[in-house]
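Trainee: Could you take a close look with me at one part of this structure? I'd like to go through its charged side chains.

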Amino acid sequence: MPYSTHNATVARSAMAPLLVDQRQLQTLSQLISAGGHQDVHELLQASLERLVAFWPAQGGALLYHAPHGEVIRLHHGVIDSEAGALIAEARETFARREEGREPTIGYYTLDDERKLLELPLSTSSQTVGLLHLVVLDAETERPSPTPDEDLAMLLVRAIGGEADKLARLRRAEQDLRELHLLYQVGQALASNLDLSSLLNDIRNQVPQAMGAERCSIMLLDEHTRELILELPDPHTGEQREFRIPLDRGIAGWVATNGIGQIVNDVEQDPRWFDGVARDVDFETRQILCAPMRIGDRVVGVMQVLNKRDGTPFDDQDLRLLTTLATQAAIAVENARLVRSLKEERDRLLAKEAEVRAAIARDLHDGPTQSIAAIAMNIEFIKKLLRAMPERVEGELEVLAELVQKTAYDIRTLLFELRPLGLETQGLLSTLQQYVARFRDPAGVMKLRLEAPSSIPRLPVEVEGAIFIIIQEAVNNARKHARTDEVVIYLYLEEGQLVASVRDRGRGFNLAAVESSYNTRGSLGLLNMRERARLIGGECRIRSAEGEGTTVELRVPLA
């Protein structure tokens with residue numbers, strides 16, 4: 001191969017005739033069969049040592065490019081600096097080689113006695129590397145004959161072919177192991193729908209699959225733009241939460257850019273953030289980090305730390321972790337959905353219990369008391385009928401008024417529970433009836449409606465949800481606002497129906513109320529927002545202490 005160097009000259013010439021003794025035949029057989037080797041590196045090292053002895057040569061060097069990108073560089077025997085420089089230049093040129101180039105044999109002249117023999121390491125279809133041997137010049141006496149060019153090409157082709165077959169076999173075995181691991185991990189993740197338990201399963205199984213010391217899962221909090229890492233405290237066993245901003249650390253970079261990273265020396269990476277590692281007393285040397293994706297959305301990152309065998313992470317490891325991270329992202333999202341459904345169920349059950357208690361209270365304080373009074377009045381009238389008949393007519397009139405009031409209270413209660421007019425007359429008419437029927441038990445608050453007559457009809461279930469949200473907002477104002485008037489506004493704006501309930505009462509600290517939902521019994525504000533979301537709308541609540549409250553519901557008309 002015509003390489004130009006400052007000292008080397010290249011020549012193509014026929015080799016001496018082949019004279020092979022019994023020892024060389026045995027060595028040749030071993031080279032061609034290459035049997036008994038389970039590792040490509042081991043196979044090539046043994047082949048190089050046997051070739052150096054077979055020629056014989058002072059030393060040799062071998063370069064091999066595996067089918068899947070791995071590059072193996074080996075040396076054996078004595079290779080001085082001049083030969084080493086020529087070998088390095090030949091390898092660099094080989095890396096830039098043109099496809100389809102025919103393998104050739106070449107000599108580099110080192111001095112009067114030695115030459116550097118270069119042979120292409122090839123398979124039946126392509127060149128996969130280079131073999132260099134430091135040999136004596138043909139004019140110099142040598143202890144044993146040298147193979148001719150055809151035999152030399154046969155030798156290196158046998159080595160290249162065996163190396164390629166073994167490399168492909170080992171890669172197929174690795175792929176099968178990884179597929180089996182992916183199947184096992186996938187089965188385990190798919191069967192677990194509890195988020196906390198699922199994250200523990202991932203942290204336990206992924207290090208086994210990756211041959212790593214530890215696995216960390218960091219889920220993205222989209223509101224605060226932070227990664228949340230939960231780790232057990234080594235002393236108490238309780239979960240500790242760490243929050244990492246997206247602009248810090250390798251994990252933050254991966255979550256921001258959505259690109260996996262291989263870092264085999266964290267101390268040399270400027271992105272390295274060791275705050276968490278110090279807190280949990282864990283020495284991190286290597287990091288392999290991949291984004292957890294669902295479609296185009298990154299929901300977190302998965303990283304494995306420190307290979308147990310001390311070897312560096314490579315592209316194959318990153319591909320495997322990326323696949324595992326995608327599986328984990330889907331499993332985490334499923335667990336989140338299940339948890340959300342459970343929370344929604346619990347909220348609905350709590351709301352149902354609250355509504356039942358409210359109905360029981362309203363019935364007890366209203367119609368039940370009135371009916372009891374009616375029954376007492378009837379007994380009283382019976383006695384009057386015998387003792388003082390002249391007073392019966394007046395008492396009957398009082399009784400009739402009480403019956404009418406009781407019937408009105410019952411109809412009002414039924415109306416508030418489920419206005420039948422929604423299905424026949426629509427939201428606007430129902431709100432007008434609601435305002436007309438509204439009575440504040442304390443007799444303080446008045447309710448007013450401002451709405452144009454052009455409000456369009458919407459599907460019954462949508463109008464029902466709007467009415468319930470308005471009713472909830474009015475009841476909250478009646479109980480807590482301490483105001484003399486609440487106004488319901490209904491209007492159209494930018495393709496949306498806007499329903500707003502406003503008061504000028506005492507208001508409240510919205511952030512404080514929302515932060516205490518886990519300990520409070522009432523979930524009114526959350527229920528309004530959930531109902532709005534279910535009909536494709538948005539419920540906005542604005543309030544401050546001393547400045548009143550506005551509950552604004554926006555529902556798309558389309």
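How many salt bridges does a search of the whole structure find?

Mentor: Happy to. Keep in mind that this is a predicted model. Searching the whole structure turns up 23 salt bridges.

Let's zoom in on R243. This residue pairs with E226, and their closest N and O atoms are 2.9 Å apart. What's nice here is that the pair links distant parts of the chain. R243 sits in strand β8, residues 239-245, while E226 belongs to strand β7, residues 226-232. The two residues are 17 apart along the chain.

R243 has another partner as well: its side chain meets that of E241 in a salt bridge, with 3.1 Å from N to O. How open are these two to the outside? R243 has a relative accessibility of 36%, so it counts as partly exposed. E241 comes out at 45%, so it's partly exposed too.

Now compare that with R271 and D269. They also form a salt bridge, and the closest N and O atoms are 2.9 Å apart. R271 has 21% relative accessibility, so it counts as partly exposed. D269, on the other hand, is at 14%, so it counts as buried. The cut-off helps here: buried means under 20% relative accessible area.

Salt bridges can also share partners, and that's how E493, E538, R540, R542, E552 and R554 end up joined into one network.

What about charges outside salt bridges? Look at D39, E42, E70, D314 and D315, which form a negative surface patch. Patch members need over 30% relative accessible area and no salt bridge. Take E70 as one of them. You'll find E70 in the loop between β1 (59-65) and β2 (71-77). Its relative accessible area is 49%, so E70 is partly exposed.

While you have the model open, let's check the cysteines too. The count of disulfides is zero. C289, for instance, is in no disulfide, and the nearest cysteine sulfur, that of C215, is 9.9 Å away. A disulfide needs two cysteine sulfur atoms within 2.5 Å, so that pair doesn't qualify. C289 is also buried, with a relative accessible area of 0%. Another cysteine, C539, is buried as well, with a value of 8%.

If you want a place to start on screen, go back to R243 and follow its salt bridges to E226 and to E241.

Technical notes. Residues numbered from 1 in each chain as written. Predicted model: local features only at pLDDT ≥ 70, side-chain atom pairs only at ≥ 80, totals over all residues. Heavy atoms only, no water. Buried < 20%, exposed > 50% of the residue type's maximum accessible area, 1.4 Å probe, protein only. Patch = residues over 30% accessible without salt bridge, like charges linked within 9 Å, V, L, I, M, F, W, Y side chains within 5 Å. Areas by Shrake-Rupley, 256 points an atom, 1.4 Å probe, with all protein chains shown as cover. Salt bridge = Lys/Arg side-chain N within 4 Å of Asp/Glu carboxyl O. Lys, Arg positive; Asp, Glu negative; His and termini not counted. Charge placed at Lys NZ, Arg CZ, Asp CG, Glu CD. Helix = DSSP H or I, 4+ residues; strand = E, 2+ residues; numbered from the N terminus.
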